[in-house]
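Visitor: Hi, could you walk me through this one? I'd like to start with the cysteines.
Guide: Happy to, let's look at it together.

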Amino acid sequence: RGTMSHFYNCQNPSEPQFEAEVGTPAQARKAGADVYPSVTTVLGIVKDSFLDEVYKPRMMTDLAREHPDLPWASLAEMVYGTRPHPKDGELIPSHEFGTSVHGTIERMINHHVLGIDEHPGQSCWDKWASPFLEWIDDNSVQALGCEKIVSHGGIKIAGSVDFIGIKDSRIFLADYKCRINTKGKAKRYQKDCCQLAIEAFMLMHLQKLPYLPKIRSVIVDCETAEHMHYEWTDEESQWGIRVAKAAANLYWMLRMEPIVKQ
């Protein structure tokens with residue numbers, strides 16, 4: 001989602017604050033010792049041999065030829081494709097589509113399940129959001145919260161969890177991803193696992209839980225609005241934690257506290 005890095009002020013570990021003005025490691029260093037990079041920012045240090053070396057350059061080249069007058073930043077937004085807006089069919093960047101679906105699920109849960117916000121009203125995004133509320137209902141899931149920020153002073157990172165709930169009397173984490181060409185399957189990637197796993201690890205430490213919460217990726221098909229769930233195995237979770245810790249370590253050594261400067 002974009003090329004911007006995200007940082008959180010974790011002075012109060014139970015209530016980290018998103019630092020809207022901080023977008024680079026240099027700005028983060030100036031902002032204070034308790035300003036940590038986000039989970040997605042540190043995982044971004046791991047390059048994908050297909051996505052980063054083949055897909056992105058190819059898309060950027062094709063888009064630049066197609067739109068010779070557009071600035072680089074606008075092309076970068078379009079790299080992961082565009083989706084028709086459900087209201088008027090106008091094409092919007094896919095990350096904007098995803099953000100709208102996320103926001104709609106959050107507003108629906110906050111009102112209908114947690115009873116904390118006013119009624120969100122009808123929205124053109126409802127059909128992509130409501131299957132998750134139906135799933136909560138059908139599986140006797142107790143919602144604990146949406147967009148909860150977790151952090152860890154040892155690993156020095158923070159991340160935002162889409163959904164935290166209780167299923168079968170145990171806490172679990174869920175993350176929604178809007179994707180196309182799912183063919184009715186939960187289309188998932190390594191980074192989905194790493195992101196959720198390290199957030200589950202951080203939540204376990206923050207809440208002093210005697211177990212590692214289960215993690216599930218909720219894949220939302222942009223075209224059909226169908227939801228496919230994948231619950232990661234314990235082995236996958238443990239692997240994801242190791243990868244995320246290694247990425248955080250590397251990020252701090254290279255970006256936040258480099259001894260050899262670029």
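Visitor: Is Cys-193 buried or exposed?
Guide: Cys-193 is buried, with a relative accessible area of 1%. Buried means under 20% relative accessible area, exposed means over 50%, and partly exposed is in between (1.4 Å probe, protein chains only). This is a predicted model, where local features need pLDDT of at least 70 and side-chain atom pairs count only at pLDDT 80 or more, while totals for chains, interfaces and linings use all residues. Residues are numbered from 1 along each chain as its sequence is written, and side-chain values use heavy atoms, leaving out hydrogens and water.

Visitor: Good to know. How many disulfides are there in the whole structure?
Guide: Zero turn up in a search of the whole structure, a disulfide being a pair of cysteine sulfur atoms within 2.5 Å. Cys-193 is in no disulfide, and its nearest cysteine sulfur, that of Cys-194, is 5.4 Å away.

Visitor: And why is Cys-10 without a bond?
Guide: Because the closest cysteine sulfur, in Cys-194, is 20 Å from the sulfur of Cys-10, too far for a bond. Cys-10 is buried as well, at a relative accessible area of 5%.

Visitor: Switching to helices: which residues are buried in H3?
Guide: In helix H3, residues 51-66, the buried ones include Tyr-55, Met-60 and Leu-63. They sit on the same side of H3 because they cover an arc of only 125° around the axis. That arc is taken from the directions from the helix axis to the C-beta atoms. Helices (H or I, at least four residues) and strands (E, at least two) are DSSP runs, numbered from the N terminus.

Visitor: What's on the face turned away from that buried side?
Guide: The exposed residues Glu-53 and Arg-65 are carried there.

Visitor: And what covers the buried residues of H3?
Guide: The cover includes helix H4, residues 72-78.

Visitor: New topic, backbone angles. What is phi for Ser-169?
Guide: It is near 55°, a positive value in a residue other than glycine. Most residues other than glycine have a negative phi. Ser-169 lies in the loop between strand S7 (157-167) and strand S8 (170-179), and is exposed at 69% relative accessible area.

Visitor: What about Asn-181?
Guide: Asn-181 has a positive phi of about 55° too, although it is not a glycine. Its place is the loop between S8 and helix H7 (190-207), and at 46% relative accessibility Asn-181 counts as partly exposed.

Visitor: Last one: how far is Ala-26 from Met-256?
Guide: They are 230 residues apart in sequence and 7.4 Å apart in space, C-alpha to C-alpha. Ala-26 belongs to helix H1, residues 25-31.

Key. Contact = heavy atoms within 4.5 Å.
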